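Welcome! Take a moment to look over the sequence and turn the structure around before reading on. The report below walks through some places worth visiting.

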Amino acid sequence: MAFLEISNLQKRFGTVDVLKGINLAVEEGGFLVLVGPSGCGKSTLLNTIAGLESITSGEIRINGRTVNNLHPSQRDIAMVFQSYALYPNMSVGQNIAFGMEMRGVPKAERDKAVAGVAKTLQISHLLDRKPSQLSGGQRQRVAMGRALVRDPQVFLFDEPLSNLDAKLRVDMRTEIKRLHQSMKTTIVYVTHDQIEAMTLATQIAVLKDGILQQFGTPHEIYNNPANVFVADFMGSPAMNLIPARIEANGGGVAVVLNREGTEPLQLKVANNAKLSAHAGRDVIFGLRPEAITDLSGADRTSAKVVNADCHVEVVEPAGADTYVVTRLGGREVIGRMRSDMQVAPHSTVPFAFNMDKAVYFDPKSELRIA
Amino acid sequence: MAQATTQETAVRTNVIVRAIIYAVLILFAVYYLLPLYVMLVNSVKPLDEIRQGNMMSLPTIFTLDPWRSAWSTAQIGVQPTGLKPYFINSVLMVIPAVAISALLGALNGYVLTKWKFRGDGVVFGLLLFACFIPFQIVLIPMARILGLLGLAGSTPGLVLVHVVYGLGFTTLFFRNYYDAFPTELIRAAQIDGAGFFRIFWRILLPSSGPIIVVTVIWQFTNIWNDFLFGASFADFDSQPMTIALNNLVSSSTGVKEYNVHFAGAILAALPTLIVYIVSGRYFVRGLMAGAVKG
């Protein structure tokens, strides 16, 4: 049995369905990231786990115990809020100790626990300050300290890094991952940043409009998206999603992409039963930018690299890589080439398409077909 | 060169404009302070000097007798008690009335913003309505209720009346202030295991300094200066300062002791003046805090 289980969870505000039957299960020590665009219900889901919002129906179990009707303080959870939510009238030390004070832990014990946590987070020198005297990163640490000191069964993080500047965000991300690795406590983490989701999670749940779109490891979510939404949402730059047609080609099938001013591009795929079934039909062809490269940058372990000449519209050097924009099937298609590739705009250069990584969706239902 | 001259002209115009602004400000300050000057000057003159008809001049003979008389010996109604016992009545009425109405307003604001319930908007609207009800309308029903409660003509009765009629304003102040107070703090405290009242005492109230000052000033001045409720609901031994001042000034026997009247009027206004001077800074700051951000 999983450590944190959410079964058929529904949440309704008046007539609005915010969560429409969510099922999730996380193993002990897992790091679950809830990700999705704003308004998808991810924060509401976190709040229902915390007990800050009631649920309309369904069940939430932590370590085998149903917590549906328990007060937040009795669920053995700790939460880090987006705004940090530090009590402005208390010092850092008092902030961290407040929960223990409410539970009647003796003063000496509280001080010891606060000192221990402060040492872990390197905020010992800040304990007497007020939150208003701290920088954003320091406040973030204090907020984590308040959660850590509780030593809960589950940590809940509500977009904890979104108020930090870009560099600090990356640092704190690493720090959270390191803390998780050393403590091995189960974490549920909400973010709208898909890179945070990829880097931190052991499992990702992608939500949209209160519906769980896909639940899996970061690798599964990234490489085997269940539908167009997940494919488009995860990854930066986003996956290329190109209208295409499947046609029978010799022994196998080919993906046919229309091009302006020249004959359609045919990308051969070795025989694939699922895809053959769609021969002669329109599909959405998905290929991530890193699977569209220059010839020498192509994945050598892949057996299905197809080379083709394409017209370059725009070249975007990004330091580590060069993004090259071409046009296929009426869409802009981004390829990722080595940074030292000399590509001129409006020239025609050879591209390598790694068809191993290709995914196919039904254009109507937007669900994965192959 | 041309540019330099325009700059010089700009500086010169600036000085002139500034001079005009200060002149106008000084004029208005004098205009506003004139009555206070007249009261102060005449309260330290012997009565004869006022009778000579020169209200604006400084005293030739300086005396504090009018102040002493107003405080402890002047004829108020039928008793020569001075304003002292009524001053004490007012203090005994104002302090509990301000404290209770501010505390209840804070609790109301806390519930209306952080523990929302179905129909909270309606409840708030009805409470706001209390701010617009003319006091004259409620005099008779209030008298009836005070009678039923056995509080008629007593200081606790006056406290009750002022608490009830202050609640609309205090709730409005605190609700607007707490509306901007981050709800995540309340949630964090809930997870930490603090209950309804603990969150109120430990988290919310310690962060409410500016709005408490605003509420206290507002309630203190209103209740201290109230005449209608004092005149309607107080007995002889619970009458507040304002009623006594009226009785002092309009007493129909003997000579009109203007100097004593001036001294008495200043005594009656003194507590509100002190409250403003002590906490006026916070008053503006509190109003701004409520208006702009939390």
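Chain A is built from nine helices and 20 strands. Please keep in mind that this is a predicted model. Taken along the principal axes, the C-alpha atoms of chain A fill a box of roughly 80 × 45 × 35 Å. Of the 370 residues in chain A, 42% are buried. Among contacts in chain A with a separation of 6 or more, 63% join residues that are 24 or more positions apart.

**Two sheets in chain A**

A good place to begin is an open sheet of four strands in chain A, which follow the order β2-β1-β4-β5 with antiparallel pairing. Strands β2 (16-26) and β5 (65-66) of chain A have a single partner strand each and stand at the edges, so one side of each has no neighbour in the sheet. Inside this sheet, β1 (residues 4-13) and β4 (residues 57-62) of chain A are antiparallel and pair over five bridges. One pair to look for is E5(A), whose bridge partner in β4(A) is R61(A). Helix α1 (residues 42-50) of chain A packs on the sheet, where it touches β1, β2 and β4 of chain A. The direction of α1(A) makes about 65° with that of β2(A).

A second open sheet in chain A has five strands, in the order β15-β19-β16-β17-β18, and its pairing is antiparallel. Here the edge strands are β15 (292-293) and β18 (331-338) of chain A, each of which pairs on one side only. The table lists three pairings from this sheet, each with one facing pair of residues.

| Strands (chain A) | Bridges | A facing pair |
|---|---|---|
| β16 (residues 305-317) and β19 (residues 348-354) | seven bridges | V305(A) and N354(A) |
| β16(A) and β17 (residues 321-328) | five bridges | E316(A) and Y323(A) |
| β17(A) and β18(A) | eight bridges | L328(A) and R331(A) |

Strands β16(A) and β17(A) form a hairpin with three residues between the strands. In this hairpin, G319(A) takes a positive phi near 90°.

**An enclosed helix**

Next, find helix α4 (residues 136-148) of chain A. This helix has 13 residues and reaches 18 Å from its first C-alpha to its last, close to the 18 Å expected at 1.5 Å a residue. How many of the 13 residues of α4(A) are buried? The count is 10, so the helix is largely enclosed by the rest of the structure. Among the buried residues are R139(A), R141(A), R146(A), V142(A) and L148(A). The buried residues of α4(A) pack against β6 (77-80), α2 (92-102), α3 (107-121), β7 (154-158) and α5 (166-183) of chain A.

**Backbone details in the loops**

Three spots in the loops of chain A deserve a closer look. In the loop between β6 and α2 of chain A sits Y84(A), whose phi is near 75°, a positive value in a residue other than glycine. Is Y84(A) buried or exposed? Y84(A) has 24 other C-beta atoms within 10 Å, so it counts as buried.

Q122(A), in the loop between α3 and α4 of chain A, also is not a glycine and has a positive phi of about 55°. Q122(A) counts as exposed because it has 11 C-beta neighbours inside 10 Å.

The third spot is P237(A), in the loop between α8 (228-233) and β11 (240-249) of chain A. The peptide bond from S236(A) to P237(A) is cis, with omega near -5°.

**Chain B and the interface**

Now turn to chain B, where 13 residues are in contact with 17 residues of chain A. Which helix gives the most to the side of chain B that touches chain A? That is α8 (residues 183-191) of chain B, with six residues. By class, this side of chain B has seven nonpolar, three polar and three charged residues.

Elsewhere in chain B, helix α10 (residues 209-225) has 17 residues, which should span 24 Å at 1.5 Å a residue; its end C-alpha atoms are 24 Å apart, which agrees. Buried residues in α10(B) include I211(B), V214(B), F220(B) and W224(B).

The last stop is I50(B), found in helix α2 (residues 47-51) of chain B. I50(B) is buried, with 20 other C-beta atoms within 10 Å. Leaving aside neighbours within four places in sequence, I50(B) is in contact with N42(B), K45(B), Y258(B) and N259(B). By contrast, I50(B) and V15(B) are 35 residues apart in sequence and 43 Å apart in space, C-alpha to C-alpha.

Technical notes
Residues numbered from 1 in each chain as written. Chains lettered and ligands numbered in written order. Predicted model: local features only at pLDDT ≥ 70, side-chain atom pairs only at ≥ 80, totals over all residues. Contact = placed C-beta atoms within 7 Å. Nonpolar A, V, L, I, M, F, W, Y, C, P; charged D, E, K, R; others polar. Pairing = 2+ DSSP bridges. Axes fitted to C-alpha atoms, helices over the stretch in contact; angles between N-to-C directions. Buried ≥ 20, exposed ≤ 12 C-beta atoms within 10 Å, placed from the backbone. Expected span 1.5 Å × (residues − 1).
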